[in-house]
Amino acid sequence: MLALAALAPGCGRGDTEVVAAGGQQRFEAPPARALDSYATKLRAAYAARAAAAKRWGLKKVPLTAPAPPARKPRITTREGFEVDGHRRLGLPPVFTTVPTEEKVVFLTVDDGAEKDPAFLRMMSELRIPYSAFLSDYLVKEDYGYFKEMQDRGVALHNHTLHHPYLPALSYARQKREICGMQEVVEERYGERPVLFRPPFGNYDKATLRAAKACGITHVPLWNEEVFVDHWEYREWDRELHPGDIVLTHFRGRGEWEGTMPDMVRRFLDKVTAEGYAVGRLEDYL
């Protein structure tokens, strides 16, 4: 953006016709106004983002995510997360990190218990993408809240109807939990999810078979979890990595010592300080 801003004033703003050398034809130079206008829009967008960062109490302006990959990476099941016959049966991959060399992470929010309007405003004003994995027993308290979330560009995904420990259930009951939530999301929000996260991150072969039968293509878990007052890590090094999926929950003061905006502030301050941007998970799958 700074390069464009520096470049734009240096482009000709007056005549755009270039006089060719003797014996050559004259040609029209590309108009500088388009580049100048684009640079102006970038500066305005950054200024708005900076103002929002200050308004929401962030230490730094969040970094802008790189453009989505022209070719989406091949997603495979993380080693040790396979079930018997995983590849042979063509079951959805289970993964905690998206293959990428870009310094980008992905924020995912589970269940739907807290319905904080300030969270929606904060994420929209800061233009931070995230993905929601919903359970109907909580979402049904206010379907409209998540419709507003969807209208703001957030993808809504499957986290079962009632949030049970799935491995304790039969295949048929697991399928009812997963397919039932598919139907709820399709009926209420017009789209049938293709991403599914099992409650507590627990699953077995029957879970993935049922998910596939319900139209699920990917099962993203997570590599880090952020709370209002701390982080938890799956890896021994306790560090962020390019492509990591970060989990949090819809929670408020009833269960946390703070609000969802407080959690987002902790999340963004850390990832920005470490040079990471927040990407849109669906752009990579």
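User: Why are helix 5 and helix 6 called roughly perpendicular to each other?

Analyst: Helix 5 and helix 6 (residues 171-189) pack at an angle of about 70 degrees, and their axes are 11 Å apart. The naming rule is that angles under 35 degrees count as roughly parallel, over 145 as roughly antiparallel, 65 to 115 as roughly perpendicular, and the rest as oblique. About 70 degrees falls in the 65 to 115 band, so this pair counts as roughly perpendicular. Before we go on: this is a predicted model, where local features need pLDDT of at least 70, side-chain atom pairs count only at pLDDT 80 or more, and totals for chains, interfaces and linings use all residues. Residues are numbered from 1 along each chain as its sequence is written, and side-chain values use heavy atoms, with hydrogens and water left out.

User: What makes something a helix here, and how is an axis drawn?

Analyst: Helices (H or I, at least four residues) and strands (E, at least two) are DSSP runs, numbered from the N terminus. The protein has eight helices and eleven strands. An axis is a line fitted to C-alpha atoms, for helices over the stretch in contact, and angles run from 0 to 180 degrees between N-to-C directions.

User: Which residues of helix 5 and helix 6 meet?

Analyst: On the helix 5 side you'll find Tyr143, Phe146, Lys147 and Gln150, facing Val184, Arg188 and Tyr189 of helix 6. Contact here means heavy atoms within 4.5 Å. The residues of this contact split into four nonpolar, one polar and two charged. For that sorting, Ala, Val, Leu, Ile, Met, Phe, Trp, Tyr, Cys and Pro are nonpolar, Asp, Glu, Lys and Arg are charged, and the others, Gly among them, are polar.

User: And helix 3 with helix 5: what makes them roughly parallel?

Analyst: Helix 3 (residues 117-126) and helix 5 (residues 143-151) pack at an angle of about 0 degrees, with axes 11 Å apart. That angle is what makes helix 3 roughly parallel to helix 5. Pro117, Phe119 and Leu120 of helix 3 make the contact with Tyr145, Glu148 and Met149 of helix 5. Those residues divide into five nonpolar, no polar and one charged.

User: How do you know that leucine 126 is buried?

Analyst: Buried means under 20% relative accessible area, exposed means over 50%, and partly exposed is in between (1.4 Å probe, protein chains only). Leucine 126 has 0% relative accessibility, so it counts as buried. This residue is found in helix 3. Beyond its neighbours within four places in sequence, leucine 126 is in contact with Arg49, Ala52, Ala53, Trp56, Leu58 and Leu268. Leucine 126 and valine 61 are 65 residues apart in sequence, yet 8.7 Å apart in space, C-alpha to C-alpha.

User: What about arginine 127: why is it called exposed?

Analyst: Arginine 127 has 61% relative accessibility, so it passes the bar for exposed. Its place is in the loop between helix 3 and strand 5. Arginine 127 also has a positive phi of about 60 degrees although it is not a glycine. Most residues other than glycine have a negative phi. Phenylalanine 200, in the loop between helix 6 and helix 7, likewise has a positive phi, of about 65 degrees, without being a glycine.

User: Why does serine 135 count as buried?

Analyst: Serine 135 comes out at 0% relative accessibility, so it counts as buried. Look for serine 135 in the loop between strand 5 (131-134) and helix 4 (136-139). Not counting residues up to four places away in sequence, serine 135 touches Asp111, His159, Thr160, Leu161, His163 and Met181.

User: What makes an open space a pocket rather than a cavity?

Analyst: On a 1 Å grid over the protein atoms alone, a cavity is a set of points where a 1.4 Å probe fits but cannot get out, while a pocket is an open set with protein on both sides within 12 Å along at least five of seven lines; lining residues have an atom within 4 Å of a point. Grid points are joined across faces, edges and corners, and a volume is the space filled by probe spheres set on the points. The largest pocket has a volume of about 480 Å³. Of its 24 lining residues, the closest to the centre are Arg49, Leu63, Thr64, Ala65 and Arg127. Helix 2 gives the largest share of the lining, six residues. The lining residues divide into 16 nonpolar, two polar and six charged.
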